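Q: Could you take me for a close look at one part of this model, starting from a loop and following the chain outward from there? I would enjoy a connected tour rather than a list.
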Amino acid sequence: MIQIITNASVLNEQGEQVSKHIVIEDGIIKTLVEPDAGWSAPEGAEVTDAAGKLVTPGLIDMHVHLREPGFEHKETIETGSRSAAKGGFTTIACMPNTKPVTDNPETVQLVLEKAREAGIVKVLPYAAITVRELGRELTDFEALKAAGAVGFTDDGVGVQNAKMMKDAMRRAKELNMPVIAHCEENSLVEGGSVTEGKFAEQHGLIGIPNESEAIHVGRDILLAEATGVHYHVCHVSTEQSVRLIRQAKEVGIHVTAEVCPHHLLLSDEDIPGLDANWKMNPPLRSPRDVEACIEGLLDGTLDIIVTDHAPHAAEEKAKGMEMAPFGIVGFETAFPLLYTKFVATGKWDLAMLVQRMTSDPARVFGLNTGRLEEGAPADLTMIDLETEKAVNPEEFASKGRNTPFTGWKLKGWPVKTWMDGKVVFEA
Ligand SMILES: NC(=O)N[C@@H](CC(=O)O)C(=O)O
Ligand SMILES: [Zn+2]
Ligand SMILES: [Zn+2]
């Protein structure tokens, strides 16, 4: 079947917006045609007029929680996939902190099977580093890779033991697989629900210090140097972590890193009160940390943007700042937030934002997508850069409503998403 997206505004190699017709055949981008070349759509083609809209490669999110199996009241692979497609994502990598933990080949296969059944976005499962993410015993990396896992991580908790992490990196290196780390030193965070700092002091809460994250980043960088593994740092939130990653890259250690929209947009000074929709791990840090993360993203120290989409039920989030689980949803607000606050304000290039959500994750993880060119899979997102709309969690496709961005007036809403040429979302 032939599909054509006409008059799409696409970013060229110089990062300028140029108008193209995108011709798709059997799920692959066949050609990009100049609109003024006296060209007309072949008969029977399915045409989408994209005049006035940006079309980008489908967005890629390498850090998400789909909650299935085990926590289907928070999200399922289907609802999470739908939420992703609505946010413009076509490829997502899901974390293994499910029930059971994705520490066995059967669960990897189950996730892949459910994702295929849903048929909405490409779901790449991560597998756990340690059995049940308990940090005691390594999982069977070889079997997990054979089942389809794309990397190893104990996201949700840090691997506390350095020897365990080093052994994991050695094995991952042998299999040419990345190790993805949630960096958190437990002995420094006990009882904390927000960052150490002003907000914690004002409300008498135990604070989570910056070094609880950066100590693991520093340790793991040294272990990555020793083992030669591809080491990827999850949800960087502190100035210290950015500094350590920058230095590691300078000396040629294979380290990459991700940052979330909320850590680029919010500090602990923005938290309005004891509302657990502002509680996530790592916590919102100081304005100085936010600045360091932005700088890190701009100079490439932080390679990619991820959402860490972490849906929780309303009853769970209603337990208050200290008792509620960590995490906020992310798919359906990520692009509009970053576009509105950084691109529309003239601070960032549109091309940089799009790269950090498409071609950069594809490069870092070796994925065959994330590019809008002949021969690439037709994973595409059409975005309305003009219409302003307030964030309304009631409209989310996700089961999760846990966002701190309710009511924010944003532009840059995805309006249509294609995965392998199939329309998977349309506003
Ligand atoms: N980020 C979060 O606040 N929560 C995540 C776990 C994690 O990403 O560490 C979750 O699973 O809910
Ligand atoms: Zn984490
Ligand atoms: Zn996570």
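Between which two elements does the loop that holds P69 lie?

A: Happy to walk through it with you, keeping in mind that this is a predicted model. P69 sits in the loop that runs between strand β6 (59–64) and helix α1 (77–86). The backbone there has a special feature: the peptide bond joining E68 and P69 is cis, with omega at about 5 degrees.

A second cis bond takes us further along the chain. The bond from N281 to P282 is cis, and its omega is near -5 degrees. P282 belongs to the loop between α8 (261–265) and α9 (287–298). N281, the residue before P282 in this bond, is one of the residues that surround ligand 1.

That brings us to the ligand itself. The shell around ligand 1 consists of H65, N97, D155, G156, H182, M280, N281, D308, A310, P325, F326 and G327. Sorted by class, these shell residues comprise four nonpolar, six polar and two charged ones.

D308 deserves a longer stop. UniProt lists D308 under "active site", and the entry is an unreviewed one. In the model, D308 lies in the loop between β14 (304–305) and α10 (314–317). Is D308 buried or exposed? D308 is buried, because 29 other C-beta atoms lie within 10 Å, and the cut-off for a buried residue is 20 or more. Leaving aside residues up to four places away in sequence, D308 touches H63, H235, C260 and G330. Its backbone is worth a look too: although D308 is not a glycine, its phi is positive, at about 55 degrees.

D26 makes a good companion for that last point. D26 is not a glycine and yet has a positive phi, of about 50 degrees. Its loop lies between β2 (17–25) and β3 (28–33). D26 counts as exposed, because 11 other C-beta atoms are found within 10 Å and the limit for an exposed residue is 12 or fewer.

Back at D308, we can follow one of its contacts, H235, to another residue, H263. H263 touches H235, along with S237, V290 and C293, when residues up to four places away in sequence are not counted. H263 is part of helix α8. It is buried, with 27 other C-beta atoms within 10 Å. H263 and D289 are 26 residues apart along the chain, and their C-alpha atoms are separated by 8.4 Å.

β14, which we met at the start of the D308 loop, also belongs to a sheet. Four parallel strands make up this open sheet, in the order β9-β12-β13-β14. β9 (179–181) and β14 stand at its edges with a single partner strand each, so one side of each has no neighbour in the sheet. The partnership of β13 (residues 255–259) with β14 is parallel and rests on two bridges. As part of this pairing, E258 has I304 in β14 as its bridge partner.

Let us finish by stepping back to the domains. The protein divides into domain 1 (2–55 + 376–426) and domain 2 (58–365). Their centres, taken over C-alpha atoms, are 27 Å apart. Across the boundary, 27 residues of domain 1 are in contact with 41 residues of domain 2. On the domain 1 side, the elements that give two or more residues are β15 (380–384), β18 (413–419) and β19 (422–426). β18 gives the most, with four residues. By class, that side has 15 nonpolar, eight polar and four charged residues.

Of these strands, β15 has four of its five residues buried, leaving it mostly covered. β15 pairs with β5 (residues 54–57) in the antiparallel sense over four bridges, and T56 stands opposite T381 in β15. β15 also runs antiparallel to β18, to which five bridges join it. In this pairing, D384 has W413 in β18 as its bridge partner.

Definitions and conventions
Residues are numbered from 1 along each chain as its sequence is written. Chains are lettered from A and ligands numbered from 1 in the order in which they are written. This is a predicted model: local features need pLDDT of at least 70, side-chain atom pairs count only at pLDDT 80 or more; totals for chains, interfaces and linings use all residues. UniProt positions are given in the numbering used here, feature names are shortened, and annotations may be inferred rather than shown by experiment. Two residues are in contact if their C-beta atoms, placed from the backbone, lie within 7 Å. A residue is near a molecule or strand if its C-beta atom, placed from the backbone, lies within 6 Å of it. Ala, Val, Leu, Ile, Met, Phe, Trp, Tyr, Cys and Pro count as nonpolar, Asp, Glu, Lys and Arg as charged, and the others, Gly among them, as polar. Domain bounds come from an automatic or database domain assignment. Two strands pair if DSSP finds at least two bridges between them.
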